[in-house]
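This report covers one protein chain. It takes up salt bridges, a sheet, nonpolar cores and model confidence in turn.

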Amino acid sequence: MKKYLLAAAGVVAAAVIAAPSAVGASSEPPTDPTPVPALHPTPVPALHQTATPALHPTPAPAAPAPARIRTVRSGERVDAGQGFTVWLTEDGKHWAGPDGFENFRSVVDGNIDRSQPGVSHQSEGDASGVFHSGLYYGTRTAGRVELTDGEGHKTVATLVALKGHPDWGVWYAHTAPSEDSQAVALYDRGGRLLADLPGFRKP
């Protein structure tokens, strides 16, 4: 009987001794397995559509507004600037420069046909600038007179009409000196070309 108890005690002692060893073994970190490389799928390139630019049609430039026509009495002097003076009488256009010398262009001598739209042009000046003037006639719907030089620069003239004579009048404008002749165009109030005098570029 004593032998059995001793054997049993030895088994229990062995179990007690083995227990700490098992606990100690579990506290050690496990050996890391060989890492498996992560799989990175090749990205599919995104499809980039070429954007079609929106079409914005360029609007047509609006026609310049009709010039205001100044109505004057017969013989009334108009200061045209830079020493020039313009006045109208029943028989035509009068003007004078800084030198005081007077000029005249008739509307009754038969040299112009007032039954249809037309425009005339006179000019004088020096290195400081050029004074342009002329008649417009043959229309009761004059809108503007426009000058264009050889490089395309435009100048809108001032219009003057004689009271009681709406079918003709005088225009005048100032421009920088140029060797080119200015083209002159007469338009109605709606921007339609009525008459013109072509300019030219000197060689």
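Arg70 has a relative accessibility of 33%, and therefore counts as partly exposed. The coordinates discussed here belong to a predicted model.

**Salt bridges**

The structure holds six salt bridges. Arg70 takes part in one of them, with Glu76 as its partner and 3.6 Å between the closest N and O atoms. Glu76 also forms a salt bridge with Arg73, where the closest N and O atoms are 3.7 Å apart. Arg70, Arg73 and Glu76 are thus joined in a network of salt bridges. The members of this network differ in burial class: Glu76 is at 18% relative accessibility and so counts as buried, the limit being under 20%. Arg73, at 57%, counts as exposed because the limit for that class is over 50%.

Another salt bridge is formed by the side chains of Arg114 and Asp167, at 3.3 Å from N to O. This pair links distant parts of the chain, 53 residues apart: Arg114 lies in the loop between strand 5 and strand 6 (118-119), and Asp167 in the loop between strand 11 and strand 12. Arg114 has a relative accessibility of 26% and counts as partly exposed. Asp167 is buried, its relative accessible area being 18%.

The three salt bridges described above are listed here with their N to O distances.

| Basic residue | Acidic residue | N to O distance |
|---|---|---|
| Arg70 | Glu76 | 3.6 Å |
| Arg73 | Glu76 | 3.7 Å |
| Arg114 | Asp167 | 3.3 Å |

**The four-stranded sheet**

An open sheet is built from four strands in the order 2-3-4-5, with antiparallel pairing. Its edges are strand 2 (78-81) and strand 5 (102-106); each has a single partner strand, so one side of each is left without a neighbour in the sheet. On average, neighbouring strands of this sheet are turned by 25° against each other, direction ignored. Within the sheet, strand 3 (residues 84-89) pairs with strand 4 (residues 92-96) in the antiparallel sense, over five bridges. Trp87 has His94, in strand 4, as its bridge partner.

**Nonpolar cores**

The largest nonpolar core comprises 17 residues, and the most contacts inside it are made by Val86, Leu88, Phe131, Leu135, Trp168 and Tyr172. Two or more residues of this core come from each of strand 2, strand 3, strand 8 (129-137), strand 11 (158-162) and strand 12 (168-175). Apart from this core lies another, of 14 residues, including Leu147, Trp171, Val184 and Leu186.

Leu88 also meets the salt-bridge network: leaving aside residues up to four places away in sequence, its contacts include Arg73 and Glu76. Among its other contacts are Val160, Ala161, Leu162, Trp168, Gly169 and Val170.

**Confidence of the model**

The average pLDDT of the protein chain is 78, and 67% of the residues score at least 70. Residues 1-33 have a pLDDT below 50, and this stretch has zero contacts in the model beyond near neighbours in sequence. Over residues 44-54 the pLDDT stays under 50 as well, with zero contacts beyond four places in sequence. Where pLDDT is low, the predicted coordinates should not be read in detail.

How values were computed: Residues are numbered from 1 along each chain as its sequence is written. This is a predicted model: local features need pLDDT of at least 70, side-chain atom pairs count only at pLDDT 80 or more; totals for chains, interfaces and linings use all residues. Side-chain values use heavy atoms; hydrogens and water are left out. pLDDT is the predictor's confidence in each residue, from 0 to 100. Contact means heavy atoms within 4.5 Å. Two strands pair if DSSP finds at least two bridges between them. Axes are lines fitted to C-alpha atoms, for helices over the stretch in contact, and angles run from 0 to 180 degrees between N-to-C directions. A nonpolar core is a set of buried Ala, Val, Leu, Ile, Met, Phe, Trp, Tyr and Cys residues joined through side-chain atoms within 4.5 Å. Buried means under 20% relative accessible area, exposed over 50%, partly exposed in between (1.4 Å probe, protein chains only). A salt bridge is a side-chain nitrogen of Lys or Arg within 4 Å of a carboxyl oxygen of Asp or Glu.
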